[in-house]
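Reader: I'd like to go through this one with you, side chain by side chain. Shall we start once it's on screen?

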Amino acid sequence: ASEEHSLELDSLEFSYRTRPSLVELANDCFIRAFNGVMIRNDVHLTSKRTDNEELGAPLSHWNCGKAKDITLYNKVADRIAILMANKPKVVDKDTKQLRDLRYGDIAILCRENKECATYAKSLSQRGIPVSFVNDDISQQIEVHLVVSLLQLMVDSSNKHIRADLLRLLKDKKTTEILNSRLDYIYQENNERQEKEIPKDEKMPDEWMDNDSLIRKLKTFVQAGRDFSISDLVENIIYGLSLPEIVAKWGKKEIRQQNLSTVCVLAKQYDSHCQQMGIGASVGGFITYLSYAKLESKVDNAADAVKVLTYHKSKGLEWNYVILDSLSDDSMEDKYFARKEFWGVREIRKASDKILSNEYIIQYLPRITTTSGTNLPTPILTKCMEEDSWKTLKAREKRELCHLLYVGVTRARDYLTTLL
């Protein structure tokens, strides 16, 4: 096909980034791993660097425990603190001279964003500077504030929403809010007894009705009921001066940018509803936000430990790379069936003819109570007999090989594995 269309494919022959010993490690591992998928010359590289005798051992392993609990993340953070205290030498990318390892030279690579978040928390607790991007926009506190204000429009009497807004906008402590609520319930019970109101008779719940902030917010959101979702979101964000409020929480530029992103997503949601011929609603937009992702990149220039996924590490490099998630056996049948086989899957059947590949959409509706529940053995056995099982499992294996290859080849001087 490449000859017919005058296409030429060139493979890289040399690595200018990585020390020879790590290049040879990658060659030994991945020439075999990609056997049958890529030819040897497309994988093999020759290092153009020379090894410096003052550099330490290129490959190491940290045995921090197998269980993916907080202990593992804390142990890794402790090992990084010890590593920095030992001041290993690295070759500076720009000057090519030896110098001490810096925080910004270190990267931890994980499979999932939630693992990155836990590492970032453990590192921060130990005073280790960390650069991490949480691309789940719904988890950002400033976005949570917007969602709470939208929920107030749907149900202005909801006490949980009121409490949330008092905490975020009036800086009230949780204990203070709880005590206020308990005092109200206590007074309500006294009133019920004094007036001899039956227990099964519901009394109006007026907790925080007289609070100035709640009154202001109720009036404000009621005025926007006839707005489109995008106009409503902009009215809430800028009408209530949220950019100025969130700026006081630190990370001013990031938080204000996230608010702007919510405005953009609101417009996208309106457009999506219009194209699909469905009605836009506040509840629908809140659900839409929960699936939205931020297009953010880790600050690779910061002198801080970088924590990111294997996918986001593509095209980047560090002197010291730590590979996590190597003990995750996602190819085990019960896990593979749940995570990579069930649900909606796209399957491509290759053809010798150009533009004649066959695409199949496989849909298996969920039958378990939760997404984390394994399939019953008889159903799992039946799944393994399907042709699509082999196809999807082979694809997953290739994807894992490519991700691991990316991770291994990000390291310039040192590579550490966690198992």
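**Surface, salt bridges and rings**

Author: Let's begin at the surface: Val-344 is exposed, with a relative accessible area of 56% (buried is under 20%, exposed over 50%, partly exposed in between, with a 1.4 Å probe and protein chains only). Bear in mind that this is a predicted model, where local features need pLDDT of at least 70, side-chain atom pairs count only at pLDDT 80 or more, and totals for chains, interfaces and linings use all residues. Residues are numbered from 1 along each chain as its sequence is written, and side-chain values use heavy atoms, leaving out hydrogens and water.

Reader: Which strand is Val-344 found in?

Author: Helices (H or I, at least four residues) and strands (E, at least two) are DSSP runs, numbered from the N terminus. By that numbering, residues 343-349, Val-344 included, make up strand 10.

Reader: What is the area of the nonpolar surface patch with Val-344?

Author: Patches take residues with over 30% relative accessible area and no salt bridge, joining like charges within 9 Å and nonpolar side chains (Val, Leu, Ile, Met, Phe, Trp, Tyr) within 5 Å. Areas come from the Shrake-Rupley method with a 1.4 Å probe, and for residues only the protein chains shown count as cover. Val-344 joins Ile-361 and Tyr-363 here, and the patch comes to about 360 Å².

Reader: Which residue forms a salt bridge with Arg-17 at 3.2 Å?

Author: A salt bridge needs a side-chain nitrogen of Lys or Arg within 4 Å of a carboxyl oxygen of Asp or Glu. Arg-17 meets its partner at 3.2 Å, N to O, and that partner is Glu-317. Arg-17 lies in the loop between strand 1 and helix 1 and Glu-317 in the loop between strand 8 and strand 9, so the pair ties together parts 300 residues apart in sequence. Arg-17 is partly exposed at 22%, whereas the buried partner, at 18%, is Glu-317.

Reader: Which residues are linked with Arg-17 and Glu-317 in a network of salt bridges?

Author: That pair doesn't stand alone, as the network of salt bridges holds Arg-17 and Glu-317. Linked with them are Lys-93 and Arg-412.

Reader: Is Arg-162, in its salt bridge with Asp-209, buried or exposed?

Author: The closest N and O atoms of Arg-162 and Asp-209 are 2.7 Å apart. Arg-162 lies in helix 6 and Asp-209 in the loop between helix 7 and helix 8, so the pair ties together parts 47 residues apart in sequence. Asp-209 is partly exposed at 25%. With a relative accessible area of 1%, Arg-162 is buried.

Reader: What is the phi of Lys-96?

Author: Most residues other than glycine have a negative phi. Lys-96 sits in the loop between strand 4 and strand 5, and at 54% relative accessibility it counts as exposed. Though not a glycine, Lys-96 has a positive phi of about 65°.

Reader: Which ring does the charged end of Arg-19 sit over?

Author: A charge sits over a ring if NZ of Lys or CZ of Arg is within 6 Å of the ring centre and within 35 degrees of the ring normal. Lys-48 lies over the face of Phe-14, at 4.3 Å from the ring centre. For Arg-19, the charged end is 5.7 Å from the centre of the ring of Tyr-414.
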